[in-house]
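Here is a short briefing on a ligand and the pocket around it. Look at the structure first, then read on.

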Amino acid sequence: NTNSNAISKVSAQKETAKHKSHRLSNEIERIVQDHLKYDRENVSDLWELIHHEGEMKVYRREVEENGIVVDPLKCFHTVKGVTGREICHYFFDPTYRMDWETTLDSTKVIETLDKDNPDTLIFFQLHKRVWPSAQRDSCFWSHIRCVSTGEEDQPLWIVVNYTTDHAQAPIKSPFVRLVANVALTCETQIIEPPLNPKDIKRENLLCKLTYVAFVNPGGWAPAAALRAIAKREYPKFLKRFTSYVIEQTRDQPILF
Ligand code: 16C
């Protein structure tokens with residue numbers, strides 16, 4: 001099927017790393033490196049813990065730019081029974097998006113940058129309208145990557161969603177274009193590793209997840225409403241999305 005096909009294409013690149021470059025390569029490299037460098041750092045006391053539930057911690061900083069709320073958001077979570085690659089795969093692949101996204105009216109892939117190595121897609125999304133604000137849309141590149149950290153360690157997996165312009169996604173009133181820079185980074189740990197790696201079971205897996213989001217609503221929106229929605233929706237997304245991945249992979253072979 002097309003899906004496992006796409007999985008194997010991304011993983012094959014893992015070994016060779018000889019990617020064709022394209023118009024977004026340099027920007028992607030810079031943004032991915034920034035996320036790899038900073039996202040997993042612990043939060044300073046400038047961050048407020050807005051939600052704590054089990055292993056999940058959601059922090060934010062209240063920041064405004066020209067009267068527009070642009071609060072950075074950062075979450076740490078630990079998920080049992082899945083690998084970082086599995087989590088990133090379900091976050092990246094458009095096939096599953098509407099299964100776990102509850103704040104979208106639609107999502108569409110408008111370009112695949114390198115068809116031989118489909119690790120970068122351009123999405124156009126229509127977000128659910130929050131009355132009485134104007135409805136938001138977004139256009140962003142989405143990039144998935146495996147980063148090896150050392151000989152013994154499991155590799156890191158990361159997905160970055162970053163706003164871009166596209167001829168097939170012009171800004172059209174009454175929609176307001178939001179600007180986003182979002183990253184999901186996952187690190188797999190093997191707990192009580194069996195002597196033979198072939199005997200690793202899902203109960204031996206632990207995934208450390210970091211999710212960061214910098215979203216500018218692209219125009220004025222009532223600050224109090226926006227902050228209340230964010231406080232409710234980000235934890236809801238993390239719970240729903242991670243449960244979805246657990247459910248989808250439960251009886252599947254482990255994808256390292
Ligand atoms: O990362 C997530 N999803 C990805 C795949 O879809 C992708 C999405 C990025 C966009 C996330 C921001 C959506 C905000 C739209 C709401 C506009 C309402 C404006 C009017 C308010 C009075 O990376 C998972 C995303 C989980 C999203 C949770 C929803 C958060 C809504 C709170 C809005 C705060 C940010 C301000 C942006 C308007």
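The ligand is surrounded by 20 residues (each with a heavy atom within 4 Å of it). The closest are Glu101, Gln125, Asn161, Tyr211 and Leu226. This is a predicted model: local features need pLDDT of at least 70, side-chain atom pairs count only at pLDDT 80 or more, and totals for chains, interfaces and linings use all residues. Residues are numbered from 1 along each chain as its sequence is written, and side-chain values use heavy atoms, with hydrogens and water left out.

**Polar atoms at the ligand**
- A polar side-chain atom of Glu101 lies 2.6 Å from a ligand oxygen atom.
- For Tyr211, a side-chain N or O atom is 2.7 Å from an oxygen atom of the ligand.
- For Gln125, the distance from a side-chain N or O atom to an oxygen atom of the ligand is 2.9 Å.

**The shell around the ligand**
- α5 (223-249) is one of the elements that supply at least two residues.
- α5 gives the most, with six residues.
- Helices (H or I, at least four residues) and strands (E, at least two) are DSSP runs, numbered from the N terminus.
- The shell has 13 nonpolar, four polar and three charged residues.
- Here Ala, Val, Leu, Ile, Met, Phe, Trp, Tyr, Cys and Pro count as nonpolar, Asp, Glu, Lys and Arg as charged, and the others, Gly among them, as polar.

**The lining of the largest pocket**
- α5 also supplies the largest share of this lining, 11 residues.
- By class, the lining has 25 nonpolar, eight polar and 12 charged residues.

Methods
A polar contact is a pair of N or O atoms within 3.5 Å; within protein, one must be able to donate a hydrogen and the other to accept it, and residues adjacent in sequence count only if both atoms are side-chain atoms.
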